[in-house]
Amino acid sequence: IFKNPRYRGKHVILAAGKGTRLRPFTETTPKPLVDIAGRPLLEYVLDVLPKTIDGITIVIGYFGEQIQEHVGESYKGIPVRYVVQNRLDGTGGALELLQRDIAEATLVLNADDIYAAHDLARLTQFPLAVLARLTNDPVANPFEVSSADLLRGFVPKRDIIPGVTYWQNCGAYMIDPRYFLEHVVEVPVRDGVEASIPHTLAALATHEKVHVVEATSWLPVGNPEELARARELLS
């Protein structure tokens, strides 16, 4: 377990993407500012951060100026800085921009997922970790997890059986400088390739302990159906 369980590090929110799967809601608005029950999605993310953090970095890109204008230079007293990801080459690409800034264990979250504060608190007990849920819903790239709750990689596609329970990535991570010693892993996407945090952590897990923390609550907001569900549950 991490030697400093009372996490006082920094926090990174990945908020640069175009949100193409959430169109038409993102045609003139960045996904983190899409309205959910009268509040922008990003505020739900910010409000569950550990209270002991001493800084927030938001990686922006698509309509990033709207995010800057909405959040400003601080959020509830916590300083906020912005890094622009001009080349939208995935979550791994966003982290590469911050390599010189991450000198300690750092909490990294997607801006389009709503988490529970107690899950993030448990995640920060480890310097290298991923948040995941057990589900029998179809999962594109389920994690392979050891009996000691350590990441072992991904279940091969040929071995995935419909209806069987698997570990699904929830897009929340703890990383430390060891992450950057691993060559960033690129994965195929519709328009080419992009750098991937979970795939890079899976590569790192071959020689470092990467813990898997089970999520008790997780609301992804990546498409109109998920948005409708989040609005219903949070209204």
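Modeller: Let's begin with a rule: two strands are called a pair if DSSP finds at least two bridges between them. Keep in mind that this is a predicted model.

Biologist: Okay, so what makes β10 and β11 a pair?

Modeller: Three bridges join strand β10 (residues 143–145) to strand β11 (residues 151–154). The cut-off is at least two, so the three bridges here qualify β10 and β11 as a pair, and they run antiparallel. One of the bridges puts glutamate 144 opposite glycine 153 in β11.

Biologist: What sits between the two strands of that hairpin?

Modeller: Five residues lie between β10 and β11, and aspartate 149 in this hairpin has a positive phi near 60 degrees.

Biologist: What about β5 and β6: how do you know that they pair, and in which sense?

Modeller: Strand β5 (residues 74–75) shares two bridges with β6, in the antiparallel sense. With a threshold of at least two bridges, β5 and β6 therefore count as a pair. Tyrosine 75 is bridged to isoleucine 78 of β6. The hairpin has two residues between the strands, and lysine 76 in the turn shows a positive phi of about 50 degrees.

Biologist: Which way does β4 run relative to β6?

Modeller: β4 and β6 are parallel, with five bridges joining them. Valine 59 has valine 83 of β6 as its bridge partner.

Biologist: Now the loops. Why is alanine 37 called partly exposed?

Modeller: Its relative accessibility is 37%. Buried would need under 20% and exposed over 50%, so alanine 37 ends up in between, as partly exposed. It belongs to the loop between β2 (35–36) and β3 (39–40). Its phi is positive, near 55 degrees, in a residue other than glycine.

Biologist: And phenylalanine 63: which class does it fall into, and why?

Modeller: Phenylalanine 63 comes out at 25% relative accessibility, so it is partly exposed. You'll find phenylalanine 63 in the loop between β4 and α2 (64–71). Its phi is about 50 degrees, also positive although the residue is not a glycine.

Biologist: Is arginine 158 buried or exposed, and how do you know?

Modeller: Arginine 158 has 73% relative accessibility. The bar for exposed is over 50%, so arginine 158 counts as exposed. It is in the loop between β11 and β12 (166–175). Phenylalanine 126 is 32 residues away in sequence, and the two C-alpha atoms are 31 Å apart.

Biologist: Then what makes threonine 135 a buried residue?

Modeller: Threonine 135 has a relative accessible area of 7%. Buried means under 20%, so threonine 135 gets that label. This residue is part of strand β9 (residues 129–135). Leaving out residues up to four places away in sequence, threonine 135 touches Val164, Thr165, Tyr166 and Gln168. With glutamine 168, the separation is 33 residues in sequence and 6.9 Å in space, C-alpha to C-alpha.

Biologist: Where does serine 217 stand, and why?

Modeller: Serine 217, at 35% relative accessibility, is partly exposed, because that value lies between the two cut-offs. Its place is the loop between β15 (211–214) and β16 (218–220). Beyond its neighbours within four places in sequence, serine 217 is in contact with Ile114, Tyr115, Ala116 and Asp119.

Biologist: Why do you call helix α5 largely enclosed?

Modeller: Six of the eight residues of α5 (residues 197–204) are buried, so the rest of the structure largely encloses this helix. The buried ones are Ile197, Pro198, Thr200, Leu201, Ala202 and Leu204.

Biologist: Which residues touch the most others in the largest nonpolar core?

Modeller: That core has 34 residues, and Ile13, Ile56, Ile58, Ile67, Val71 and Tyr115 touch the most other members. There's also a separate second core of 28 residues, including Val12, Leu95, Ala202 and Ala205.

Biologist: Last one: what lines the second largest pocket?

Modeller: Its lining has 14 residues, and Lys10, Val12, Thr57, Arg81 and Asp101 lie nearest the centre. By class, that is six nonpolar, four polar and four charged residues. β1 (11–15), β4 (56–60) and β6 (78–84) each contribute at least two lining residues. The space in this pocket is about 170 Å³.

Methods
Residues are numbered from 1 along each chain as its sequence is written. This is a predicted model: local features need pLDDT of at least 70, side-chain atom pairs count only at pLDDT 80 or more; totals for chains, interfaces and linings use all residues. Side-chain values use heavy atoms; hydrogens and water are left out. Buried means under 20% relative accessible area, exposed over 50%, partly exposed in between (1.4 Å probe, protein chains only). Helices (H or I, at least four residues) and strands (E, at least two) are DSSP runs, numbered from the N terminus. On a 1 Å grid over the protein atoms alone, a cavity is a set of points where a 1.4 Å probe fits but cannot get out, and a pocket is an open set with protein on both sides within 12 Å along at least five of seven lines; lining residues have an atom within 4 Å of a point. Grid points are joined across faces, edges and corners, and a volume is the space filled by probe spheres set on the points. Ala, Val, Leu, Ile, Met, Phe, Trp, Tyr, Cys and Pro count as nonpolar, Asp, Glu, Lys and Arg as charged, and the others, Gly among them, as polar. A nonpolar core is a set of buried Ala, Val, Leu, Ile, Met, Phe, Trp, Tyr and Cys residues joined through side-chain atoms within 4.5 Å. Contact means heavy atoms within 4.5 Å.
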